[in-house]
Amino acid sequence: MNRRTTTPNRLTRTRASRTVRSAAAVLGTVLLGALTGCGGSGAGSSTAAAADLVSTAPAGPATSAPPAPSSSAPGSASASPSAPSSAPASPSAAEPLAGRTIVLDPGHNPTNVDHPTEINRQVDVGNAHKECDTTGTETDAGYTEADYTLDVSHRVRDLLQALGAKVILTQDGDRPYGPCVDERAAIGNQAHADAAISIHGDGGPASGSGFHVIMPAKVVAGKADNSAIVDPSHRFGLLLRSAFHDATGEPYADYVAEQGLDTRSDLGGLNLSTVPKVFIECGNMRNAGDAQRMTDPQWRQRAAQGIANGFTAFLTSGGTNNLDSAVPSSGSS
Ligand SMILES: [Zn+2]
């Protein structure tokens, strides 16, 4: 996404236009910065808040690549400590995320581009009305953000399921368009997810590279009240930033955010979430170097590993959805 540009025509692209665009790459360098994006206008950004968090960033997960699950057939007769077998969902060394529910939101939809009317419909995100969804960006070579986010989400799902988590995708390329951003949030809420993420690739200026994590600003407006998730989401965001950086080597974005962190109040998926949630912009698909990496399946696997590690770090360090019973705290916690 590129919140620095407001582009009323960015949703009108067609598949045909992509073909033309590759022949107009030079023009595209200028034009696509305006055509692309998933965040829309930049209202509500609070980089100062993100900067505040930088100085308090914890050390992050110790390892970038925890031991992978050994195989599809875990050692059956190992001398593990005896545990009550009547608790199938309790975490174990092999399945530290057993009993946890995680929602992955692959940004955009591969066929949004064919449904401009539907995705342009305005939906209520609490403090504003925004498009139901957007088409997202793509590389010069035509690798779309929607294809990228779905591929990475599948990889993250496999990794998290191997750790015992229940994983829900908001879309799996199985809808003609969307879902709308408000529904993307609602899916996590209704699942009472322990944590959720919206996975994206950015459409920033071609000269900019790197990744960043977007955390929710507090929004209490209209039907939005995410006040209970701000703190845990920020903690998740910090852990995710470290894990993703360690796993991929991708630098923090040099064209947006601060030290790889941003805080925003203009994203429906964060405004309307009642479960801990962040966005990650894994790289800038409009930048040649990032585009090359993001197009590489091996890099995408590292990206997925970083995201999975971020979830694991959060959920095994106290991160949980206790929010259903949480009472707004009177003191610091
Ligand atoms: Zn996006």
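The following paragraphs describe how the helices and strands of this predicted model pack around its nonpolar cores.

Residues are numbered from 1 along each chain as its sequence is written. Because the model is predicted, local features need pLDDT of at least 70 and side-chain atom pairs count only at pLDDT 80 or more, while totals for chains, interfaces and linings use all residues.

The chain has ten helices and ten strands, taken as DSSP runs (H or I, at least four residues, for helices; E, at least two, for strands) and numbered from the N terminus. Of its 333 residues, 50% count as buried, a label given when 20 or more other C-beta atoms, placed from the backbone, lie within 10 Å of a residue's own.

A good place to start is the largest nonpolar core, which has 53 residues. Such a core is a set of buried Ala, Val, Leu, Ile, Met, Phe, Trp, Tyr and Cys residues joined through C-beta atoms within 7 Å. Among the residues that touch the most other members are Ile-102, Leu-160, Ala-195 and Ile-307. Elements giving two or more residues to this core include strand S1 (101–106), helix H5 (145–162), strand S5 (195–202), strand S10 (277–284), helix H9 (288–295) and helix H10 (297–315). H10 gives the most, with nine residues. A second, separate core of twelve residues includes Val-125, Tyr-177, Ala-224 and Leu-272.

Next come two helices with a buried side. In H9, the buried residues are Asp-290, Ala-291, Arg-293 and Met-294. Seen down the axis of H9, they fall within an arc of 165° and so line one face of the helix; the arc is that of the directions from the helix axis to the C-beta atoms. Their cover includes H5, S5, S10 and H10. In helix H6 (residues 181–190), Val-181, Asp-182, Arg-184, Ala-185 and Gly-188 are buried. These residues lie within an arc of 160°, so they too line one face of their helix. S1, S5 and S10 are among the elements that cover them.

Finally, how do H5 and H10 meet? Their axes are 8 Å apart and the packing angle is about 50°, with axes being lines fitted to C-alpha atoms over the stretch in contact and angles running from 0 to 180 degrees between N-to-C directions. That makes H5 oblique to H10, since angles under 35 degrees count as roughly parallel, over 145 as roughly antiparallel, 65 to 115 as roughly perpendicular and the rest as oblique. At this meeting, residues including Leu-159 and Leu-160 in H5 face residues including Ile-307 and Phe-311 in H10.

Methods: Two residues are in contact if their C-beta atoms, placed from the backbone, lie within 7 Å.
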